[in-house]
Amino acid sequence: MSAETITIYPYEPFDIDYGMTVLNLQCKEEYSTLLFKLNQLKKHETFVDDVDQYIHFYVDEKDNLKSSLKQVAMIGDLTSFEINSTSNLKAVLEKIVADNQIINRDKIDNLNKEINELIFDSINGYDETFEYELLPELAKLLKSKNFKIDTGDWQNYYDKLQSVVKFYVEFSDKRLLLFHGLERLCSLEQINYLNDYLKSIKLAVVSLESYPMTLRKLGLNTRVYSIDEDHVRFNY
């Protein structure tokens, strides 16, 4: 078993490398069951593992299931993914604040010193220490400016996909992004380009698909796993 795998009952683990991997379950019933199980995990209806041992993610070197799930982003359908959701904007704000804390640490320390000296000089018997916190103030400022991730240059779903990938690279520690249905939204050239980019930044993307397939698509550079209607597995 490699350090990064997805295990789906009853199949042997699917090795996942940096880049894009296509996992095609041609049987619609099997595909539907997998998406249902994933949504249960995503909505926390099941937690670190499902009772039936149906699906496991291992992206941690020690094969620790709890750690692995934290490093998987279950995005699902790209068309309905909201990049400016509250949770995503919170992640961006926290990163901006953290960066500013580092950049302005000396200024904040000096400000705290000046405020404390002023308090000590003004109030006899005051023995508390005042600490100015940048996080709440900067968060308020950004929110007041209606801060959002710019989506104005998107022309198609591939543009959106690139922005989503870059978001997770810059504002999270996720190592595996899980989508479904990317094959119908992107051209072969776009998928190959994305595959090369993902390898360069050491990130894994898996797209779950369900379409008839007898041979690997000519010119496609990604890893492909295909399971046919008779549940026979093919590794390309």
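This is a short tour of a predicted model, stop by stop, with something to select at each one.

**The whole chain**

Start with everything shown as a cartoon. The protein comes to 7 helices and 9 strands. Now colour by burial: of the 236 residues, 43% count as buried. If you turn on contacts, look at how far along the chain the partners sit. Among contacts with a separation of 6 or more, 71% are between residues 24 or more positions apart.

**Stop one: a cis bond near the start**

Select Tyr-9 and Pro-10. The peptide bond that runs from Tyr-9 to Pro-10 is cis, and its omega is near 5°. Where is Pro-10? You'll find Pro-10 in the loop between strand S1 (5-8) and S2.

**Stop two: aromatic rings**

Next, show the side chains of Phe and Tyr. The structure holds 6 aromatic pairs. Begin with Phe-14 and Tyr-225, whose rings meet edge-to-face, at 5.0 Å centre to centre and with 70° between the planes. This pair ties together distant parts of the chain: Phe-14 belongs to strand S2 (residues 14-15) and Tyr-225 to strand S8 (residues 223-227), 211 residues apart. Are these two rings buried or exposed? Phe-14 is buried, with a relative accessible area of 1%, and Tyr-225 is buried too, with 5%.

Now move along to Phe-234 and Tyr-236. Here the pair is stacked, with 6.4 Å from centre to centre and 20° between the planes. Switch on a surface and check both of them: Phe-234 counts as partly exposed at 36% relative accessibility, and Tyr-236 counts as partly exposed at 31%.

One more selection before leaving the rings: Phe-81, Phe-167, Tyr-168 and Phe-171. These four form one aromatic cluster.

**Stop three: helix H7**

Select residues 188-201. That's helix H7, with 14 residues. From its first C-alpha to its last, H7 reaches 20 Å, close to the 20 Å expected at 1.5 Å a residue.

Which residues of H7 are buried? Pick out Ile-191, Asn-192, Leu-194, Asn-195 and Leu-198. Look down the axis: they cover an arc of only 160° around it, so they lie on the same side of H7. Then turn the helix around. The face away from the buried side carries the exposed residues Glu-189, Tyr-193 and Ser-200.

To see what the buried residues of H7 pack against, show three elements: strand S3 (19-25), helix H6 (157-171) and strand S7 (204-209).

**Stop four: two residues with positive phi**

Step off the end of H7 and select Lys-202. Just after the helix, Lys-202 takes a positive phi of about 60°, although this residue is not a glycine. Lys-202 sits in the loop between H7 and S7. With 58% relative accessibility, it counts as exposed; the cut-off for that is over 50%.

Jump ahead to His-231, which is not a glycine either and has a positive phi of about 65°. Where is His-231 found? Look in the loop between S8 and strand S9 (233-235). His-231 is partly exposed, with a relative accessible area of 42%.

**Stop five: a serine in a loop**

Select Ser-210, in the loop between S7 and S8. Despite the loop setting, Ser-210 counts as buried, at 12% relative accessibility, under the 20% cut-off. What does its side chain reach? Draw a distance to the backbone oxygen of Leu-25 and you should get 2.8 Å.

Now expand the selection around Ser-210. Leaving aside neighbours within four places in sequence, Ser-210 is in contact with Asn-24, Leu-25, Gln-26, Cys-27, Lys-28 and Tyr-31.

**Last stop: the cysteines**

Cys-27, one of the contacts of Ser-210, leads to the final selection. Show Cys-27 together with Cys-186. Cys-27 counts as buried at 12% relative accessibility, and Cys-186 counts as buried at 10%. How many disulfides does the structure have? A search of the whole structure finds 0.

Terms used. Residues are numbered from 1 along each chain as its sequence is written. This is a predicted model: local features need pLDDT of at least 70, side-chain atom pairs count only at pLDDT 80 or more; totals for chains, interfaces and linings use all residues. Side-chain values use heavy atoms; hydrogens and water are left out. Helices (H or I, at least four residues) and strands (E, at least two) are DSSP runs, numbered from the N terminus. The expected span of a helix is 1.5 Å times one less than its number of residues. Buried means under 20% relative accessible area, exposed over 50%, partly exposed in between (1.4 Å probe, protein chains only). The arc is that of the directions from the helix axis to the C-beta atoms. Contact means heavy atoms within 4.5 Å. A disulfide is a pair of cysteine sulfur atoms within 2.5 Å. Rings of Phe, Tyr and Trp (its six-membered ring) pair if their centres lie within 6.5 Å; planes under 30 degrees apart count as stacked, over 60 as edge-to-face and the rest as tilted. A polar contact is a pair of N or O atoms within 3.5 Å; within protein, one must be able to donate a hydrogen and the other to accept it, and residues adjacent in sequence count only if both atoms are side-chain atoms.
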